[in-house]
Amino acid sequence: MGTFSVTAEIHPADRSASPEAVALMVDTGATYTCLPRSLLDRLGYRPVGRRQVLFANGTEAEWDVTVITLSLLGPVLPTLCFMAPDSSPGLLGAVTLEEFGLGVDPIARRLIPVKTYLM
């Protein structure tokens, strides 16, 4: 599947300021959303833990994670986010897509609402 980007808004941790629009590359192969640490620091987010990261080339690292408030195609929800090095692109991962009830239309290169299953 080809990649494409969507615009999301990241709300500051203390909600005292306006959200910041960011372009995120939709990456269904990424488990979690990931944003540059300097952006998250500027918006007041602090680590809540650390997680192991496995990259496509087989290397591993351990990165801080935080819980951000994200607006994506309307809804505003919390989601887990990796605090990535500043050289990293913003990625929209599979967990966030599921939390927002969104799937990927690879032909039209867009996000689409999907049913959530409880089976």
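This tour moves from the whole chain to selected residues of a predicted model.

**The whole chain**

Begin with the entire protein chain in a cartoon representation, coloured by secondary structure. The assignment gives 2 helices and 9 strands, and reading along the sequence yields the order β-β-β-α-β-β-β-β-α-β-β. The radius of gyration is 14 Å, close to the 14 Å that the globule rule gives for 119 residues, so the chain is as compact as a globular protein of that length. If the view is aligned with the principal axes, the C-alpha trace spans about 40 × 35 × 30 Å.

Next, display the molecular surface. The accessible surface of the protein chain comes to about 6,900 Å², and carbon and sulfur atoms account for 55% of that area. Of the 119 residues, 39% are buried. A contact map is a useful companion here: among contacts between residues at least 6 apart in sequence, 50% join residues at least 24 apart.

Then colour the charged side chains. The protein chain carries 9 positive and 12 negative charges, and the mean positions of these two sets lie 4 Å apart.

**Histidine 11**

Select histidine 11, which is located in strand β1, residues 5–11. Is this residue buried or exposed? Its relative accessible area is 11%, so histidine 11 counts as buried. Now show what surrounds the side chain and backbone. Beyond residues up to four places away in sequence, histidine 11 touches Pro19, Tyr45, Thr69, Leu70, Ser71 and Val76. For one of these partners, draw a distance between C-alpha atoms: histidine 11 and valine 76 are 65 residues apart along the chain, and their C-alpha atoms are separated by 8.8 Å.

**Arginine 15**

Move along the chain to arginine 15, in the loop between β1 and β2, the latter covering residues 20–26. Which residues does arginine 15 contact once neighbours within four places in sequence are set aside? They are Thr69 and Val76. Both names also appear among the contacts of histidine 11. A further distance to draw runs from arginine 15 to glycine 44: the two are 29 residues apart in sequence, with 9.5 Å between their C-alpha atoms.

**Proline 75**

Select proline 75 in the loop that joins β5 (60–71) to β6 (76–84). With a relative accessible area of 39%, proline 75 is partly exposed. Leaving out residues up to four places away in sequence, its contacts are Leu70 and Phe100. Leu70 was also met as a contact of histidine 11. Phenylalanine 100 lies 25 residues from proline 75 in sequence, and the C-alpha to C-alpha distance between them is 7.4 Å.

**The cysteines**

Finish with cysteine 34 and cysteine 81, shown as sticks with the sulfur atoms highlighted. Cysteine 34 is buried at 5% relative accessibility, and cysteine 81 is buried with a relative accessible area of 0%. How many disulfides does the model contain? The count is 0. A disulfide is a covalent bond between the sulfur atoms of two cysteines. The cut-off applied here is 2.5 Å between sulfur atoms. Measure from the sulfur of cysteine 34 to the closest cysteine sulfur, which belongs to cysteine 81: the separation is 6.7 Å, too far for a bond. Starting instead from cysteine 81, the closest cysteine sulfur is that of cysteine 34, again at 6.7 Å and therefore too far for a bond.

How values were computed. Residues are numbered from 1 along each chain as its sequence is written. This is a predicted model: local features need pLDDT of at least 70, side-chain atom pairs count only at pLDDT 80 or more; totals for chains, interfaces and linings use all residues. Side-chain values use heavy atoms; hydrogens and water are left out. Buried means under 20% relative accessible area, exposed over 50%, partly exposed in between (1.4 Å probe, protein chains only). Helices (H or I, at least four residues) and strands (E, at least two) are DSSP runs, numbered from the N terminus. Contact means heavy atoms within 4.5 Å. The radius of gyration is taken over C-alpha atoms; the globule rule is 2.2 Å times the number of residues to the power 0.38. Accessible areas come from the Shrake-Rupley method with a 1.4 Å probe; for residues, only the protein chains shown count as cover. Lys and Arg count as positive and Asp and Glu as negative; His and the chain ends are not counted. The place of a charge is taken as NZ of Lys, CZ of Arg, CG of Asp or CD of Glu.
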